[in-house]
Amino acid sequence: MLKTGRLLSLVVRRTSCPPRTRRLHLGAAVAVKKYTDTENDYALSVLRNVPTVKELAPATGPLLEWEGLDEVLPVAERWCGTDPERVLLLLRHTVERVQRATEAQPFTLEDAGLAGFVEAFVRTVPDFTDDQLARALGTLAALDEIRSIYQPHYLALWTALDAVCLDRVTGWNVDRLLHFADAWYPLRLVKQGKFVHKAIWKISNRLRKLTPDQLVRTVFYINLTRVPVENMMDIEVNLQQNFPAFTIADVAVLCMGFFKTETPVRSAELLERIYQKVTAEVATVEDIALTAILKLLRYSSRIPQVPAMHALLDALAPHIPRLSLQACLHVALLGSDIHVCHRGTLEPVVDRFAGSVQQLRLKDAERIAFVLAHGNVALAGGRDVALLRAILADLPNRVPEIVQYPRCYIALLHFLSLRGIHDAALISAAFEPRFLQLAYGRNIGGAGREAVSLDAYAAINLEGEYGTGRRFPPDAFRLVCKLTQDYLPNPRYKLTKSDRMLLDLQGTFGALVREPCQILHLLPHYQRPDILFCVDERAGRVVPLGELAATHEIRTRASVLGERSRDDRLRLVAIVVGSWNCYVRDERRRTGGYAMKLEQLRRLHYDTMEIPWYEWPVYSRDDMRRYLEAKLAPFLSRARSRETIK
């Protein structure tokens with residue numbers, strides 16, 4: 001059996017297309033999405049008055065006077081003339097013939113004999129009545145499989161229909177526009193065509209006046225186009241004003257529209273009502289509807305929604321065993337953006353995932369690893385660690401997924417590393433140059449923080465184990481760190497609360513010790529800087545370090561002290577500010593990333609002085625001085641403290 005690193009390397013070699021890796025196209029043989037995307041079909045079932053596509057009945061009419069379709073097609077233009085009914089009849093016979101084709105008697109829509117009919121169809125479509133347009137769309141929708149929507153004959157047919165529908169937008173009312181949008185959906189051409197986009201644009205001018213039924217159908221097509229309308233706020237207003245008229249399934253469809261267009265719900269009152277509705281109906285809500293609602297709640301919720309979020313999660317906990325894996329994942333993700341970790345739901349979710357690791361998509365594995373790493377939660381019996389180890393062990397079996405979603409793979413390795421779970425061979429394979437190009441394109445410097453954090457983990461935490469394993473390119477490392485770091489705080493510019501803490505600490509330290517300390521990025525792969533000072537342990541005093549330039553490289557003891565690094569009496573102390581997002585909400589437990597930062601500083605032989613935001617006295621300089629004095633006491637001798645602290 002090949003080693004995992006070698007296996008990934010071989011896959012990259014087979015699939016990369018130098019020099020432009022972005023041009024890689026994966027065929028159906030390597031399509032690895034295991035969950036069918038049923039959200040849109042579920043939403044369609046929710047909509048009212050949407051006709052479903054049924055099998056075509058055998059066509060009857062004047063065509064039967066001919067000996068067969070083969071004799072009609074060569075003279076289709078003459079036979080059809082300018083009669084739309086004849087064109088529609090011939091279309092029905094053609095589609096029926098395509099559906100009944102066999103290997104012995106093949107027939108496709110791209111058959112050369114259909115050229116005349118296609119020309120007649122395109123010429124006649126502008127003369128169709130609205131009813132004939134709808135019938136033509138229904139007939140085309142009955143085709144089971146189309147290899148490509150850009151095949152010449154099929155492209156000519158649907159673009160002709162799209163152009164005519166587009167011309168009639170101005171004369172159709174809302175119900176007619178939605179009726180034809182419903183007719184277009186079975187063709188799966190809503191995004192590619194122009195009609196539905198134009199119809200939604202017209203309807204968007206009166207979103208506040210739509211009935212609940214019309215609003216749900218409109219938002220469904222906004223969801224399909226993935227393009228938000230300018231006045232999405234009007235949808236919120238309509239939903240809030242008529243909230244009792246919407247079922248939980250209707251709310252789910254509306255949530256899909258907001259989430260897929262990356263539009264958060266801004267009304268706190270509306271969010272509260274959605275939370276209450278889901279909590280009240282949690283026992284009966286369907287998986288797909290629950291998943292859609294949870295996605296939007298996670299995307300839109302902020303601190304004021306935490307109590308309602310906890311109430312919903314408490315209500316969901318007993319129902320975890322009946323939910324799908326996808327729904328369970330989004331239950332676990334709810335609140336992760338605002339550092340909420342709900343142990344009551346996380347434990348049963350982890351139990352569900354532990355027995356289904358092979359059924360998870362790579363993206364699902366990455367997301368649950370993020371929840372466990374970010375929350376830094378330790379579950380009873382080590383169930384969280386067992387799940388993460390099982391995910392790591394299963395990675396060699398996911399080569400097609402890894403090739404298709406390389407950035408997801410690197411992010412997954414990063415989240416696993418935050419819990420100290422790693423495989424040096426898999427990390428080395430991730431930094432193979434061609435794999436990095438597969439993930440980030442030619443501009444590897446445009447990678448995310450996950451890549452440089454994983455590289456820093458290999459360099460610091462695996463210093464003896466990693467050996468000659470591949471590393472992220474040094475120039476790209478410095479560039480990514482530069483792009484993802486916060487600027488050093490400057491009082492001349494707008495400051496965050498963390499920036500103010502750093503400057504207050506620096507000023508208080510200078511007043512106390514009468515020696516300067518410096519704000520800099522000791523670990524450049526982290527967003528926020530720290531404060532550094534040096535103590536002479538024997539003399540019990542602070543030693544000046546001199547000005548250290550920003551290098552966007554990991555600051556080792558040797559890079560800070562230079563020739564003095566061998567002096568064991570000198571201790572480097574990092575003051576690390578723990579802002580509110582460094583801790584799990586209501587538990588004051590460090591998040592995974594923040595805990596790893598403290599561990600890496602200690603591994604680099606820094607002493608750490610942690611200043612949590614909830615301990616720092618913000619409003620009183622005297623309290624700041626007393627607080628910092630107590631924190632510095634272990635590093636300075638009592639004699640020196642009495643001498644320097646007045």
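**Figure 1. Length and burial of helix 22 in the predicted model.** Helix 22 covers residues 406–418, and at 1.5 Å a residue its 13 residues should span 18 Å. The C-alpha atoms at its ends lie 19 Å apart, which agrees with that expectation. The helix is mostly covered, with twelve of its 13 residues buried. The buried residues in the first part of the name list are Pro406, Cys408, Tyr409, Ile410, Ala411 and Leu412, among others. Also buried in helix 22 are Leu413, His414, Phe415, Leu416, Ser417 and Leu418.

**Figure 2. The residue Gly420, just after helix 22.** This view shows the stretch of chain that follows helix 22. Here Gly420 takes a positive phi, with a value of about 75 degrees. The helix that comes before Gly420 is the mostly covered helix 22 of the previous view.

**Figure 3. Helix 12 against helix 14.** Helix 12 is formed by residues 233–241 and helix 14 by residues 268–280. Their axes come within 10 Å and cross at roughly 50 degrees. That angle makes helix 12 oblique to helix 14. The crossing of the two helices is left-handed. On the side of helix 12, the residues that meet helix 14 are Glu236, Leu239 and Gln240. Their partners in helix 14 are Glu269, Leu270 and Arg273. By class, the residues of this contact are two nonpolar, one polar and three charged.

**Figure 4. Helix 18 packed with helix 20.** Helix 18 runs over residues 343–354, and helix 20 over residues 383–394. The pair packs at an angle of about 35 degrees, and the axes are 10 Å apart. Helix 18 and helix 20 make a left-handed crossing. Helix 18 contributes Glu347, Val350, Asp351, Phe353 and Ala354 to the contact. From helix 20 come Arg383, Asp384 and Leu387. Four residues of this contact are nonpolar and four are charged, with no polar residue.

**Figure 5. The protein around the close-up views.** The protein has 31 helices and five strands. Of its 646 residues, 54% are buried. Among contacts between residues at least 6 apart in sequence, 75% join residues at least 24 apart.

Conventions. Residues numbered from 1 in each chain as written. Predicted model: local features only at pLDDT ≥ 70, side-chain atom pairs only at ≥ 80, totals over all residues. Heavy atoms only, no water. Axes fitted to C-alpha atoms, helices over the stretch in contact; angles between N-to-C directions. Helix = DSSP H or I, 4+ residues; strand = E, 2+ residues; numbered from the N terminus. Parallel < 35°, antiparallel > 145°, perpendicular 65-115°, else oblique. Left-handed = near helix turned anticlockwise from the far one by under 90°. Contact = heavy atoms within 4.5 Å. Nonpolar A, V, L, I, M, F, W, Y, C, P; charged D, E, K, R; others polar. Expected span 1.5 Å × (residues − 1). Buried < 20%, exposed > 50% of the residue type's maximum accessible area, 1.4 Å probe, protein only.
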